[in-house]
Amino acid sequence: MNDVQKKQQLRQYKTLATGLFILMMMTFIAMTILQKQSQSHWIGYIRAFSEAAMVGALADWFAVTALFNYPLGLKIPHTNLIENSKEKIGDNLGNFVVDNFLSPENIRPYIQKLKVSVYVGDWLSKERNQDVLINELSSILKDIVNKLDDDAVVKFISSKAEEMTDSIKLNSVIGNGIEYLLSKNDHQKIITNLSSQIKGYILENQQMISERVGKESFFLIPKSIDNKIAEKITKGLSDYFLEVEQNVNHPLRSEITNKILDFSKELKDEPRWKTEFDTIKSDFIQSDKIKQYSSDIWQSLKSSLIKELSEEVSTLKSYVKKNIDEFVANLQNDEHFQNRIDNWVRLTAYKYILKNTQNFGELISITVGNWEGKELSRKLELEVGKDLQFIRINGTIVGGIVGLLIYTIANFI
């Protein structure tokens, strides 16, 4: 029922109550005049009834009117109670709600009935709802990204990058990296490949070796002897590196491994290496360069995010949808997961309500206190005014009956 209908209904019941009062008043006047002309006993009974009925009607009219207005516009004490006591009403209403509705024993049964997982699972299982959720999230995230201050973001990334690079000890990182490769035995592949490359280089450059031997040889030694010596050197070296290439347990491999390990420890422990790498780091990682890198990274990331969030079908949205489907499957099929979600929601809701019960009371009190007094009276009168008119009607009837009883008893006495 809207306000117009409530006003019309209130007006009708006010008219009924007022009409009943006027009827009693007219009856009293008529009986008073008639009593002067006739000595009939029944006239006195009717006059007593109407007189008491008028008193009852007026008393209840005053009581009902005093709740919402000043009777006849007269500012009589303790009238227009709603408007004059709205702050107190707000306080009492807030305390009433807190004490009677938000107490632990009252809210616990309702909290225990919460089954959020079922509702969420059913809602998210529908394709249309998933699309609505993803699109809303995308719209919110895109709006956030667009509103971010690019300079502030770049400055933040730059500062964090500088903090990170300052804390990085390149000599330790490289030393630990070398030790990691050694622990995984990955360097053996390098040794094998290097041995093969050296062997191939020796065999391909046998003529250069012969010329070198001939140049360093004594002039009386025949060239054929020099060539033979060069051939032996070439074969010996190539065979040696072939052995290294094929034999994973070759002594040279162990020697190389030990040398590399010693070098990695030297990188981590020797101060000169730390100084050397700090110099290299400061030369290559300058503040201007970091700022430029940060700007490039942010612009690229921002562009990619906006593109992914704007497209109807994108990798990011597909990934989100896939995770939603997995989440829904768990909600619908995993009872343990359902209980975890529901228990968490119940516990959180219970704690939040108990923690903020006083705030709820203050909210009600402040809200009612901030209402316009006349508007509050008008709203309450529209809601309960119709029923209050029955008080006037009942007051008229009950007052008349009481007056009649008193008159009757007085006559018998």
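Two aromatic pairs turn up in the structure, which is a predicted model. In one of them, the rings of Tyr 45 and Tyr 407 sit 5.1 Å apart, centre to centre, with 85° between their planes, an edge-to-face arrangement. Tyr 45 belongs to helix 2 and Tyr 407 to helix 19 (residues 373-412), so this pair ties together parts of the chain that are 362 residues apart in sequence. Tyr 45 is partly exposed, at a relative accessible area of 27%, and for Tyr 407 the value is 27% too, which again counts as partly exposed.

The other pair joins Phe 327 and Phe 337: with ring centres 5.8 Å apart and planes at 90°, this pair is edge-to-face as well. Here the link runs from helix 16 (residues 315-333), home of Phe 327, to helix 17, home of Phe 337, so the parts tied together are 10 residues apart in sequence. As for accessibility, Phe 327 comes out as partly exposed at 31%, whereas Phe 337 is buried, with a relative accessible area of 15%.

Both phenylalanines also show up in the packing of their helices. Helix 16 and helix 17 meet at an angle of about 95°, and their axes are 6 Å apart. The two helices are therefore roughly perpendicular to each other. On the helix 16 side the contact is made by Phe 327, Asn 330, Leu 331, Gln 332 and Asn 333, and on the helix 17 side by Glu 335, Phe 337, Gln 338 and Ile 341. Sorted by character, the residues of this contact comprise four nonpolar, four polar and one charged.

Helix 17 (residues 335-355) has a further partner in helix 5 (residues 104-112), packed at an angle of about 155° with the axes 10 Å apart. An angle over 145° counts as roughly antiparallel, and that makes helix 5 roughly antiparallel to helix 17. The crossing of helix 5 past helix 17 is right-handed. Helix 5 brings Pro 104, Ile 107, Arg 108, Ile 111 and Gln 112 to the contact, while helix 17 supplies Arg 346, Ala 349, Tyr 350, Ile 353 and Leu 354. Seven nonpolar residues, one polar and two charged make up this contact of helix 5 with helix 17.

Past helix 17, Asn 356 is found in the loop that leads to helix 18 (357-370). Asn 356 is buried, with a relative accessible area of 13%. The C-alpha atom of Asn 356 is separated by 9.9 Å from that of Val 98, although the two residues are 258 residues apart along the chain. Another loop residue, Glu 270, sits between helix 13 (251-269) and helix 14 (271-284). Glu 270 is partly exposed, at a relative accessible area of 35%. From Glu 270 to Asn 171 the C-alpha distance is 9.1 Å, with their positions 99 residues apart in sequence.

Back towards the start of the chain, helix 2 (residues 41-68) also holds Ser 50. At 1% relative accessibility, Ser 50 counts as buried. Leaving aside residues up to four places away in sequence, Ser 50 touches Met 24, Thr 27 and Phe 28. Met 25 lies in helix 1 (residues 3-37) and is partly exposed, with a relative accessible area of 30%. Met 25 and Arg 47 are 22 residues apart in sequence, and their C-alpha atoms are 9.7 Å apart in space.

As for the chain as a whole, the protein has 19 helices and zero strands. Of its 413 residues, 27% count as buried. Taking contacts between residues at least 6 apart in sequence, 72% join residues at least 24 apart.

Notes
Residues numbered from 1 in each chain as written. Predicted model: local features only at pLDDT ≥ 70, side-chain atom pairs only at ≥ 80, totals over all residues. Heavy atoms only, no water. Axes fitted to C-alpha atoms, helices over the stretch in contact; angles between N-to-C directions. Helix = DSSP H or I, 4+ residues; strand = E, 2+ residues; numbered from the N terminus. Parallel < 35°, antiparallel > 145°, perpendicular 65-115°, else oblique. Left-handed = near helix turned anticlockwise from the far one by under 90°. Contact = heavy atoms within 4.5 Å. Nonpolar A, V, L, I, M, F, W, Y, C, P; charged D, E, K, R; others polar. Buried < 20%, exposed > 50% of the residue type's maximum accessible area, 1.4 Å probe, protein only. Phe/Tyr/Trp six-rings, centres within 6.5 Å; stacked < 30°, edge-to-face > 60°.
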